[in-house]
Amino acid sequence: MDMGEIIGDAFKYPVSNWKRLLILGVLVLITQLSVEIVMGYGRVSGLLYFLIIPAIIASLLASGYQLRTLATSIMKEDEPPVFNEWTKMFLDGLRVLIVGLIYEIIPILILMAGFIMIMISQGCHAFRLTGHVTGPGNSFDRGDNYGNGRI
């Protein structure tokens, strides 16, 4: 397979069945609109947070469909998979989410350790820069009145 054929197949595959593409588009649209409405107007009414539920459901369905698409692509099928067995697709999306979270635990722990090491090496001076902790005996009290608000 040459590169041109691979690129051509990549463009043909999603549009080989318009109905399935539109269903996936509606799922993504539900997710995006729900999140945008909650983020933009969430302070106005707490009831808008109920829009998070359809966003989560649609997102998990889309993730399950993506997993199903990967599986059918590996089997060399020429069309996107059918939208059926919605419960299985939802559970597959939930599995994708859980696996993703498990894979993110180690990078998050490394980032947290790095942040803690930076804070320790700086002696937590970042908190003193606000002026809330200034006073006699700290690193800003040099006797030149810069640390106590008087210049």
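This report walks through how three helices pack in the structure above and where its largest nonpolar core sits. The model is a predicted one.

Let's start with the two helix pairs, side by side.

| Helix pair | Angle | Axis separation |
|---|---|---|
| Helix 2 (residues 18–41) and helix 3 (residues 52–74) | about 145 degrees | 8 Å |
| Helix 3 and helix 4 (residues 86–121) | roughly 90 degrees | within 7 Å |

With that crossing of roughly 90 degrees, helix 3 is roughly perpendicular to helix 4, because angles of 65 to 115 degrees count as such. Helix 2, for its part, passes helix 3 in a left-handed crossing.

Now for the residues that touch. On the helix 2 side of the first pair you will find Arg20, Leu24, Leu27, Ile30, Thr31, Ser34, Val35 and Val38, which meet helix 3 residues including Ile52, Pro54, Ala58, Leu61 and Tyr65. The residues of this contact comprise 12 nonpolar, three polar and one charged.

In the second pair, helix 3 contributes residues such as Ile57, Leu60, Leu61, Tyr65 and Arg68, while Trp86, Met89, Phe90 and Asp92 are among their partners in helix 4. Here the split is 11 nonpolar, three polar and two charged.

Leu61 is a good residue to look at up close. Setting aside neighbours within four places in sequence, Leu61 is in contact with Leu27, Trp86, Met89 and Phe90.

Leu61 also belongs to the largest nonpolar core, whose six residues are Leu27, Ala58, Leu61, Tyr65, Phe83 and Met89. Helix 3 supplies the largest share of this core, with three residues. In soluble globular proteins, nonpolar side chains tend to be buried together.

How values were computed:
Residues numbered from 1 in each chain as written. Predicted model: local features only at pLDDT ≥ 70, side-chain atom pairs only at ≥ 80, totals over all residues. Heavy atoms only, no water. Axes fitted to C-alpha atoms, helices over the stretch in contact; angles between N-to-C directions. Helix = DSSP H or I, 4+ residues; strand = E, 2+ residues; numbered from the N terminus. Left-handed = near helix turned anticlockwise from the far one by under 90°. Contact = heavy atoms within 4.5 Å. Nonpolar A, V, L, I, M, F, W, Y, C, P; charged D, E, K, R; others polar. Core = buried A, V, L, I, M, F, W, Y, C linked by side-chain atoms within 4.5 Å. Buried < 20%, exposed > 50% of the residue type's maximum accessible area, 1.4 Å probe, protein only. Parallel < 35°, antiparallel > 145°, perpendicular 65-115°, else oblique.
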